Protein chains: 2
Amino acid sequence: MARAPDNSVASVGEFALIDRLRRLVPTRGRGVTVGLGDDAAVLSFAGPVLATCDIQVEGVHFTWDLCTAEDVGWRAVAVNLSDIAAMGGTPRFILISMALQPTTSVARVEEMYRGIAEIARAYEVVIAGGNLSSTPGPLVVDVTALGDAGRALTRAGARPGDRVWVTGTVGKGAAGRFLAQHPAVRVPGREALVAAYCRPTPRVDAGRTLGGVSDVSAMIDTSDGTAGDLLHLAEASGVGVRLEMDRLPAPPGLAEAAREAGEDPEAWTLAGGEDYELLFTAGAAFDTQAPGLAARLAVPLTRIGEILSATEGCWISERGARRRPLAVQGWDHFPRGRG
Amino acid sequence: MARAPDNSVASVGEFALIDRLRRLVPTRGRGVTVGLGDDAAVLSFAGPVLATCDIQVEGVHFTWDLCTAEDVGWRAVAVNLSDIAAMGGTPRFILISMALQPTTSVARVEEMYRGIAEIARAYEVVIAGGNLSSTPGPLVVDVTALGDAGRALTRAGARPGDRVWVTGTVGKGAAGRFLAQHPAVRVPGREALVAAYCRPTPRVDAGRTLGGVSDVSAMIDTSDGTAGDLLHLAEASGVGVRLEMDRLPAPPGLAEAAREAGEDPEAWTLAGGEDYELLFTAGAAFDTQAPGLAARLAVPLTRIGEILSATEGCWISERGARRRPLAVQGWDHFPRGRG
């Protein structure tokens, strides 16, 4: 029998590892009647429940050289909290499944769990369930997030005449990934861009607040890219849309980073993905509420387009250019033709 | 760009694949306000919520040569429904995360989903969420199950004087795995044993019914092996236990299969794991209820031991043999010393 490397998960064993990990994260809190350690958790909610899951694979969603293991843990949770936020809900509990190679160092797994603990504490989320497996392949972490639904704002409520809004800035996921891959490239705002990629901020407060605003009609998060997610929203709502390219709020340094990368900055703002901002639609009355709300949330709210009828179609308009079709340019895990 | 193999997941693309898969499974039903396709599902429960997750990895939990892809899908759900059953609850919804190689055939993934659909329909469970990723490694499927808690029977309620009971038979997971690996080995009950391994029956009705019996004091499912799970229950309850080896209900053919395998049948009944039976404790008054309940559920209920005080410890007794310590012999994903 091969000897396990010192401080590998195989050197401590599954149950001892679970004991070490659960001590790192918040496992008790409001609504947890039975927590980690039984066959299932027993959880109480305020009403209807939001549920979502997102699986992240080493080498596909993250690599150890770009971000810290703490970032990887933070991110695996953040992308799920973003989905809860996009429904206007309040995240409450998460369950974590992880597949690890026996040779993985306990230190790395603990570091991931420290990142998980940090974001859980930041958003008052309790780790209510978990499960570890060995794997001969890449590390896999799958997180399920559960939350209080509140109004449960879907993608399907947009109506012609509504305006399209977005929180924060777009394109920073792609710019941050490029900068993390190229440590020597210096651009203004470099650190913020890398942080936006490695440790994205789910718009939990903004989502919950917008969910409570009656003029807000539909919402989605920008995980697949602004264009792709706007098309998802338009399709679900049965409407058309006009996206005003000039209004897209790019973050500082994006244009410079794109130039260094030899990329069109538009490819990042429109289709970069992994921004985890909220893209939402609202009636005209929201225009006057937006500045006050943005100030209260300390999050920019930018109007970037308007909803058309389905027969009018989906377009991008730009100053001094002909309008062009808004096409799917988001991330596809299995793009056709890729083998 | 390499051309994707015909009928691989890469040849159809992520979103088209998702469309094909969701048509195969039940996605609507009681309690689903918003189902698959939005950022999160919106679900209604009768009261407190049970939540559990279990990740299965190709080459670790299953291989394609032992069971059909339909079985793999069924099994990934069954192990989670078993955890809900072990709390005395009612499974309601599942979320499925899957990581697939781009070269995986669509036919295989669809076959898995047909197995998922079959068990979902059998137990009236709705697929409320899902998520696909590519992976360069083994196929991974992680299922989260959510259910109505009912009484929420934990592992922690056993008291000295309670008796220990088990549903069905034990050791069939291990025997079935061996027989699936050795198609030429003929033993009585072979088909039932292989089916028990490839397509385990979660004890959903029994769990819910036992959860409603006031004399039942604690429950756990036997996924890790009878001995290991009984020790988990004893530890959580802060009690000792005496397991009567002669009473363990082995299935037909187990002894013959063990002989063919050159294994001690006890190793399978005590520690084989993957049986997904319910191990529970109940006060003495349950003795007289058990036969009627077993008949009503059409599931054998066998008394296999009794709960002792913590100071009395955990033991195995056997006719004509000295009592010996009950020790953990269950499955460990990262056994110490394995590299």
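Two strands pair if DSSP finds at least two bridges between them. Keep that in mind for this tour of a predicted model.

**Stop 1: a strand pair.** Select residues 163-167 of chain A, strand β7, and residues 278-282 of chain A, strand β10. Four bridges join the two strands, and they run antiparallel. Now pick out Val166(A): its bridge partner in β10(A) is Leu279(A).

**Stop 2: helices on the sheet.** Add residues 204-211 of chain A, helix α7. This helix packs on the sheet and touches β7, β8 and β10 of chain A. The direction of α7 makes about 15° with that of β10(A). Next, show helix α11, residues 286-297 of chain A. Helix α11 also packs on the sheet, touching β7, β8, β10 and β11 (301-308) of chain A. Its direction makes about 155° with that of β11(A).

**Stop 3: the whole sheet.** Display all seven strands of this open sheet in chain A, in the order β8-β10-β7-β11-β9-β12-β13. The pairing is mixed. Go to the edges: β8 (216-221) and β13 (324-325) of chain A each have a single partner strand, so one side of each lacks a neighbour in the sheet.

**Stop 4: both chains.** Show chains A and B. A rotation of 180° with 0.0 Å of shift along its axis superposes chain A on chain B, with an RMSD of 0.0 Å. That is the relation of a two-fold axis. Select Gly137(A): in chain A, its C-alpha is the nearest to the axis, at 2.4 Å. Both copies use the same surface, as 100% of chain A's contact residues recur in chain B.

**Stop 5: the core.** The largest nonpolar core has 218 residues. Ile94(B) is among those with the most contacts inside it. Beyond four places in sequence, Ile94(B) touches residues including Val77(B), Ala120(B) and Val143(B).

Definitions and conventions
Residues numbered from 1 in each chain as written. Chains lettered and ligands numbered in written order. Predicted model: local features only at pLDDT ≥ 70, side-chain atom pairs only at ≥ 80, totals over all residues. Core = buried A, V, L, I, M, F, W, Y, C linked by C-beta atoms within 7 Å. Buried ≥ 20, exposed ≤ 12 C-beta atoms within 10 Å, placed from the backbone. Contact = placed C-beta atoms within 7 Å. Least-squares fit on C-alpha atoms with pLDDT ≥ 70 in both. Axes fitted to C-alpha atoms, helices over the stretch in contact; angles between N-to-C directions.
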